[in-house]
Amino acid sequence: MAGNAVEKRTGTEVSYSNGVDPHEEPSAEWGWHGGFPKATQGAGWFTVFALLIMLIGNHESNTENIWLVGIAIPVAAGLVYDLKRRRTAWRRN
């Protein structure tokens, strides 16, 4: 069983507190199996900042600006959605 995962038996079913079943994810048995939520948020906001800072420059037309802003907005929206989802995740348990 993985690290600090807690195994709960209910009848014939086994549920794991970290949500990873070692039978479906074999790597969970021998190591850490998770994500980097703070690093993901940091990298995402850095990407949004980098896209918006590229608006400053010698552009011939606004096509580049439309693409930069058009990509930055969905990335920022996804980051805000992820942040809100993580903050309210404890209510679903």
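A residue is called buried when its relative accessible area is under 20%, exposed when over 50%, and partly exposed in between (1.4 Å probe, protein chains only). Arginine 86, at 42%, is partly exposed.

## Basis of the model

This is a predicted model, in which local features need pLDDT of at least 70, side-chain atom pairs count only at pLDDT 80 or more, and totals for chains, interfaces and linings use all residues. Residues are numbered from 1 along each chain as its sequence is written, and side-chain values use heavy atoms, leaving out hydrogens and water.

The mean pLDDT (the predictor's confidence in each residue, from 0 to 100) is 78, and 59% of the residues reach 70 or more.

## Salt bridges in helix H2

The whole structure contains 2 salt bridges, each defined by a side-chain nitrogen of Lys or Arg within 4 Å of a carboxyl oxygen of Asp or Glu. Aspartate 82 meets arginine 85 at 2.7 Å, N to O; in the bridge between aspartate 82 and arginine 86, the closest N and O atoms are 3.0 Å apart. Asp82, Arg85 and Arg86 are thus linked in a network.

Aspartate 82 is buried at 11% relative accessibility, whereas arginine 85 is partly exposed at 35%.

## Nonpolar core

The largest nonpolar core (buried Ala, Val, Leu, Ile, Met, Phe, Trp, Tyr and Cys residues joined through side-chain atoms within 4.5 Å) has 6 residues: Val48, Leu51, Leu68, Ala72, Ala76 and Leu79. Helix H1 (37–53) and helix H2 (63–87) each supply at least two of them; helices are DSSP runs of H or I, at least four residues, numbered from the N terminus.

How values were computed:
Helices (H or I, at least four residues) and strands (E, at least two) are DSSP runs, numbered from the N terminus.
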